[in-house]
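Here is a short tour of a protein model, written for someone who thinks at the bench. Have the sequence and the 3D view open as you read.

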Amino acid sequence: SDSNCLYNALIVRADTTYVSTDGAHIWPYDTPQNASTNFVDAITWSGRKVVVAEGTYYGAKMERDIYGGVTPCVLACSRKIEIAGSEDPSKTVIDCAGNANWYGVYIGQNALFHGFMITNGSTVQSTGGSIMAIGSAVVSNCVVQGGAGGVRLTGNAVFTDGVISNLFIRSDKYVALSMSSGRLYNSRLANLTGQWNKSTLMTDG
């Protein structure tokens with residue numbers, strides 16, 4: 001009988017999916033013409049790489065379990081895939097729109113994220129409102145600019161070849177860069193303003 005049968009669900013993903021503000025949004029989003037218009041679907045159906053066209057993205061809300069609770073994000077990825085923007089990160093922009101208690105970008109589990117400008121970040125858990133990178137995630141060639149949310153690296157995550165600038169740090173609780181076992185390479189912090197100079201950087205070891 002049917003009750004004795006074992007059904008296996010097979011998820012077939014495209015090797016590369018695409019995101020574009022003017023894509024046709026046709027599954028499986030595997031050509032630039034059929035690109036998804038949001039990050040959620042492109043990341044869900046990508047087997048290896050997500051290519052994001054130039055433009056400004058506000059994004060549908062994605063939610064990830066962080067610190068034991070659900071936290072909304074503009075873009076979230078916790079699988080080992082590459083998310084590629086532009087060689088010039090100013091051409092592929094993720095605008096966090098100053099959403100309080102949102103992460104702009106949440107990257108984890110060996111994901112590679114590169115070629116983006118993250119702007120108008122706010123603050124979550126006191127740090128890392130623009131980018132939260134955990135595990136062995138790598139964030140490369142990205143610019144974090146404007147707003148009050150910086151970058152948080154934890155669990156051997158890496159931020160490399162990037163810029164963190166023009167952030168307004170609202171108090172000594174909110175920092176431009178927070179590292180707990182994370183690594184920072186060949187990057188620059190500039191034009192950080194606010195109430196406390198000591199709020200620029202926080203390290204936990």
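## Cysteines first

A disulfide is a pair of cysteine sulfur atoms within 2.5 Å. By this rule the count for this predicted model is zero disulfides.

Take C96 as an example. The closest cysteine sulfur to that of C96 belongs to C73 and is 9.7 Å away, which is too far for a bond. C96 is a buried residue, with a relative accessibility of 4%. C142 is buried as well, at a relative accessible area of 1%.

## The overall make-up

Let's step back to the whole chain. The protein has 22 strands and one helix. Of its 205 residues, 46% are buried.

How do the contacts spread along the sequence? Looking at contacts between residues at least 6 apart in sequence, 62% join residues that are at least 24 apart.

## A sheet of seven strands

One open sheet contains seven strands with parallel pairing, in the order 1-2-6-9-12-15-19. Its edges are strand 1 and strand 19 (183-185), each of which pairs on one side only. On average, neighbouring strands of this sheet are turned by 15° against each other, direction ignored.

At one end of that order, strand 1 and strand 2 pair in the parallel sense over five bridges. To find this pairing in the viewer, look for T17, which stands opposite V50 in strand 2.

## A sheet of six strands

A further open sheet has six strands in the order 3-7-10-13-16-20, and here too the pairing is parallel. Which strands form its edges? They are strand 3 and strand 20 (188-190), and each pairs on one side only. Neighbouring strands in this sheet are turned by 15° against each other on average, direction ignored.

Strand 16 (residues 163-165) pairs with strand 20 in the parallel sense, over three bridges. A handy landmark is V163, which stands opposite R188 in strand 20.

## An enclosed strand

Is strand 8 (residues 103-107) largely enclosed or open? Five of its five residues are buried, so strand 8 is largely enclosed by the rest of the structure. The word buried here means under 20% relative accessible area.

Strand 8 has a parallel partner in strand 11 (residues 131-133), and the two pair over three bridges. Within this pairing, Y106 stands opposite M132 in strand 11.

## A salt bridge between strands

Now for the charged side chains. Side chains of opposite charge can pair when their charged atoms come close. How many salt bridges does a search of the whole structure find? The search finds one.

This salt bridge is formed by the side chains of R48 and D15, at 3.0 Å from N to O. R48 belongs to strand 2 (residues 46-52) and D15 to strand 1 (residues 14-19), so the pair ties together parts that are 33 residues apart in sequence. R48 is partly exposed, with a relative accessible area of 42%, and D15 is also partly exposed, with a relative accessibility of 45%. The strands that hold these two residues are themselves parallel partners, joined over five bridges.

## Aromatic pairs

The whole structure contains three aromatic pairs. One of them is the edge-to-face pair of W27 and W45, whose rings are 5.5 Å apart centre to centre, with 85° between the planes. W27 sits in the loop between strand 1 and helix 1 (39-44), while W45 sits in the loop between helix 1 and strand 2, so the pair ties together parts that are 18 residues apart in sequence. W45 counts as partly exposed, at 26% relative accessibility.

Another pair, F39 with Y57, is tilted: the ring centres are 5.3 Å apart, and the angle between the planes is 45°. This pair links distant parts of the chain, with F39 in helix 1 and Y57 in strand 3 (residues 55-57), 18 residues apart. Are these two residues buried or exposed? Both F39 and Y57 are buried. Strand 3, which holds Y57, is also an edge strand of the six-strand sheet.

Methods:
Residues are numbered from 1 along each chain as its sequence is written. This is a predicted model: local features need pLDDT of at least 70, side-chain atom pairs count only at pLDDT 80 or more; totals for chains, interfaces and linings use all residues. Side-chain values use heavy atoms; hydrogens and water are left out. Buried means under 20% relative accessible area, exposed over 50%, partly exposed in between (1.4 Å probe, protein chains only). Helices (H or I, at least four residues) and strands (E, at least two) are DSSP runs, numbered from the N terminus. Two strands pair if DSSP finds at least two bridges between them. A salt bridge is a side-chain nitrogen of Lys or Arg within 4 Å of a carboxyl oxygen of Asp or Glu. Rings of Phe, Tyr and Trp (its six-membered ring) pair if their centres lie within 6.5 Å; planes under 30 degrees apart count as stacked, over 60 as edge-to-face and the rest as tilted. Axes are lines fitted to C-alpha atoms, for helices over the stretch in contact, and angles run from 0 to 180 degrees between N-to-C directions. Contact means heavy atoms within 4.5 Å.
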